[in-house]
Amino acid sequence: IGIIEHRAGNFDRAAQAFKNALSIDSSSIRAKVNYELSCTNASKKAPLGSQHNTQVDDTKTLSQKADSVFSIIRESEQKRWKNSQQTFKDTGVIDY
């Protein structure tokens, strides 16, 4: 629901949907990222007359922020994977 609301430009509703998702599963990284993006977009929502002119700039900024967030998540996942691999090496168990 949150993604649908976000794509429709209903950022406040999207943020509420992602907040509800986080209340169910607080470890969901996707819900956290989408909640933050929705909150950011809700605070930047322009009046109807100027929305068309700033949409391209907001898309670039949003894309840059999303790239930064995904980069952080990717690094975190790589560290987690390396740590799990180290655990297997330490136990001496070979997993085929």
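**Notebook: a four-helix predicted model**

I began with the surface, and found that the accessible surface of the protein comes to about 7,800 Å², with 54% of that area belonging to carbon and sulfur atoms. I note here that this is a predicted model, and I kept that in mind for each entry below.

**Overall make-up.** I looked up the secondary structure next and counted 4 helices and 0 strands, so that, by the DSSP runs numbered from the N terminus, the elements read α-α-α-α. I then checked burial across the chain, where buried residues make up 17% of the 96 residues. For contacts with a separation of 6 or more, I found that 42% are between residues 24 or more positions apart.

**Confidence.** I looked up the pLDDT before going into detail: the mean for the protein is 76, and 70% of its residues reach 70 or more. Where is confidence lowest, and where highest? It is lowest in helix 4, residues 48–91, at a mean of 66, and highest in helix 2, residues 11–24, at 91. I marked residues 48–56 in particular, since pLDDT stays under 50 over them and the model has 2 contacts for them beyond four places in sequence.

**Helix 3.** I turned to helix 3, which has 16 residues and reaches 23 Å from its first C-alpha to its last, close to the 22 Å expected at 1.5 Å a residue. Which residues of helix 3 are buried? I listed Ala31, Val33, Leu37, Ser38 and Asn41. Looking down the axis of helix 3, I saw that its buried residues fall within an arc of 160°, and therefore they line one face of the helix.

**Leucine 37.** I picked out two neighbours from that list, beginning with leucine 37, which has its place in helix 3, residues 29–44. Its relative accessible area is 15%, and because buried means under 20%, leucine 37 counts as buried. I also took the distance from leucine 37 to alanine 66, and noted that the two are 29 residues apart in sequence and 8.1 Å apart in space, C-alpha to C-alpha.

**Serine 38.** Serine 38 also lies in helix 3, and I asked whether serine 38 is buried or exposed. At 0% relative accessibility, serine 38 counts as buried. What does serine 38 touch, once residues up to four places away in sequence are set aside? I wrote down His6, Phe11, Ala14, Ala15 and Phe18, and I note that helix 2, as given above, spans residues 11–24.

Technical notes: Residues are numbered from 1 along each chain as its sequence is written. This is a predicted model: local features need pLDDT of at least 70, side-chain atom pairs count only at pLDDT 80 or more; totals for chains, interfaces and linings use all residues. Side-chain values use heavy atoms; hydrogens and water are left out. Buried means under 20% relative accessible area, exposed over 50%, partly exposed in between (1.4 Å probe, protein chains only). pLDDT is the predictor's confidence in each residue, from 0 to 100. Contact means heavy atoms within 4.5 Å. Accessible areas come from the Shrake-Rupley method with a 1.4 Å probe; for residues, only the protein chains shown count as cover. The expected span of a helix is 1.5 Å times one less than its number of residues. The arc is that of the directions from the helix axis to the C-beta atoms.
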